[in-house]
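Q: Could you take me through this model? I would like to begin with general matters and then turn to details.

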Amino acid sequence: MSNLDSYLQTDIQRRKFLEWIGLSSLALALPAMSLSGCQSGRFHEDEKQDFKNVFDLESLSRKVMGDDAIEYLNGGADDLKTVKANLEGYNKIQIRARRLIDVSTISTKVDLFGQTLDTPIILSPVGFQKFFHQEGEVATAKAAASRKHQLIVSTVSNYSVSEVAAAYGPNLWFQLYPTPDRKITKILLEKAEQAGCPVCVLTVDTPVVGNRESSGTTLFGLIEAGELKMGNLEGLLPKGMTFTDPSVTWEMIGWLRANCHMKIVKKGIVTREDAALAILHGADGVIVSNHGGRQLESNRGTIECLPEVVDEIKGRIPVLIDGGIRRGTDVFKALALGATAVCIGRPFCWGLGALGQEGVEIALDILKGELVRDMQLAGTPSIGNITKDFVSRY
Ligand SMILES: Cc1cc2nc3c(=O)[nH]c(=O)nc-3n(C[C@H](O)[C@H](O)[C@H](O)COP(=O)(O)O)c2cc1C
């Protein structure tokens, strides 16, 4: 029996047992309570072959995690059209491979904000990761560090930014939701700077939380009940105050400049107009993102938004992208259309939910492995070689 099969078998037994003893769906949604038996084994290197792609991790995570955690992770706004558009956008782009180029050595290194990153695949900020696995963001941080991937920690992480930085090492980036109270925002910035974060990623697509009809109840119930802590906001956010602020405008960049020393990246830009404003207001970078289709049901995939943003930015600051990246070829296509680097959300969380740190490592290994192979097959030995000449669109 393969490792994957035996894990699935263990999970089926766990679920049957839980059903038999009559535990509620809330108990099933709590990985901390229910997963210890499933996650005790470590994989041998050769056994990781059982996970052929990130979808195998998704399948396992859907077996292992509780229903509410599955909904929270995989859900999106309204009818999920934007979630689908993010995925489908990549199908409208084809790769134009070149032949007879020496691809015996491949470099995936990229330069970003004064650092050389080992790979252009960055882990997006994802909140409440303890909902997926008891070690939450700490497991993710250890995996990202061991595989040398850039990590962005969310404002609404269950572990604090300093705990995540301790597990990750230097150069952790901090994602900021500006709370309605700037005194709290200032404390968040101080916490990030004390943890050594050089980059603040300001999420600009969330003036309010999107209409996610199928997720959230259990999660917010657990937070309300104090069973799931918000590592950065614990004791800071008054009861009833949300972490989003609908009054934020472009002036926020100036406020951030005056209140921290971090580089400022805008996450959630999807138009040429806002790319121009980001430059005007002095952003250090932008991330083309629609929050994984969880905010406005816009029906535009981010890969379809990327060209107009790249065209407007004209290489003055880095342009990153996330949303729907599931394959090395997706990474390749985004880089070819002008992204400096890409971010992934759900794929690493599938690994986390399935197997904790090791699952995140498997997800990262799969995606980087696919990218390297795709670069060899396309005739691009380094990231700099991947230009728009390597793709066509219809
Ligand atoms: C469960 C979940 C939680 C998220 N939490 C945050 C967050 O706290 N802050 C943020 O800026 N984006 C958040 N995002 C959006 C991601 O950073 C990213 O934009 C998105 O996941 C990329 O799409 P993908 O999941 O298709 O890769 C979250 C996404 C998911 C799936």
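A: The following exchange covers the model, its ligand and selected residues.

Q: Before anything else, what sort of model is this, and how are residues numbered?

A: This is a predicted model, in which local features need pLDDT of at least 70, side-chain atom pairs count only at pLDDT 80 or more, and totals for chains, interfaces and linings use all residues. Residues are numbered from 1 along each chain as its sequence is written, and side-chain values use heavy atoms, with hydrogens and water left out.

Q: How many helices and strands does the chain have?

A: The chain has 16 helices and twelve strands. Helices (H or I, at least four residues) and strands (E, at least two) are DSSP runs, numbered from the N terminus.

Q: What share of the chain is buried?

A: Of the 394 residues in the chain, 57% are buried. Buried means under 20% relative accessible area, exposed means over 50%, and partly exposed lies in between (1.4 Å probe, protein chains only).

Q: And the accessible surface of the chain, what does that come to?

A: The total is about 16600 Å², and 52% of that belongs to carbon and sulfur atoms. Accessible areas come from the Shrake-Rupley method with a 1.4 Å probe; for residues, only the protein chains shown count as cover.

Q: What part of the contacts comes from residues 24 or more positions apart?

A: Such pairs account for 75% of the contacts in the chain with a separation of 6 or more. Contact means heavy atoms within 4.5 Å.

Q: On to the ligand. Which residues are closest?

A: The ligand is surrounded by 25 residues, and the closest are P125, S154, T203, D322 and R326. A residue counts as near if one of its heavy atoms lies within 4 Å of the molecule or strand in question.

Q: What is the chemical make-up of that shell?

A: The shell divides into nine nonpolar, eleven polar and five charged residues. Ala, Val, Leu, Ile, Met, Phe, Trp, Tyr, Cys and Pro count as nonpolar, Asp, Glu, Lys and Arg as charged, and the others, Gly among them, as polar.

Q: Which helices each supply at least two residues of the shell?

A: Helix 5 (67-74) and helix 15 (346-355) each do so.

Q: Where do polar side-chain atoms of Y177, Q175 and R326 lie relative to the ligand?

A: Polar side-chain atoms of Y177 and Q175 lie at 2.9 Å and 3.3 Å, respectively, from a nitrogen atom of the ligand. For R326, a polar side-chain atom lies 2.8 Å from an oxygen atom of the ligand. The protein covers 98% of the 600 Å² of accessible area that the ligand has on its own.

Q: Back to T203. Where does T203 lie, and is it buried or exposed?

A: T203 lies in strand 7 (residues 199-203) and is buried, with a relative accessible area of 6%. T203 and S154 are 49 residues apart in sequence, and their C-alpha atoms are 9.8 Å apart in space.

Q: What is T203 in contact with?

A: Leaving aside neighbours within four places in sequence, T203 is in contact with Q175, L176, Y177, K267 and H291.

Q: What about the phi of H291?

A: Phi of H291 is near 65°, a positive value in a residue other than glycine. Most residues other than glycine have a negative phi. H291 is found in the loop between strand 9 (285-288) and helix 13 (302-313), and H291 is buried, with a relative accessible area of 13%.

Q: Then K314: where is it found, and is it buried or exposed?

A: K314 is found in the loop between helix 13 and strand 10 (319-322). K314 counts as exposed because its relative accessibility is 60%. Phi of K314 is near 55°, also a positive value in a residue other than glycine.

Q: Changing topic, how many disulfides are there?

A: The count comes to zero, where a disulfide is a pair of cysteine sulfur atoms within 2.5 Å.

Q: Why is C197 not bonded to C200?

A: The sulfur of C197 is 8.9 Å from the closest cysteine sulfur, in C200, and is therefore too far for a bond. C200 is in no disulfide either; the nearest cysteine sulfur to it, that of C260, is 5.5 Å away.

Q: Finally, how covered is helix 14?

A: Helix 14 (residues 328-336) is mostly covered, with eight of its nine residues buried. Just after helix 14, G338 takes a positive phi of about 110°.

How values were computed
A polar contact is a pair of N or O atoms within 3.5 Å; within protein, one must be able to donate a hydrogen and the other to accept it, and residues adjacent in sequence count only if both atoms are side-chain atoms.
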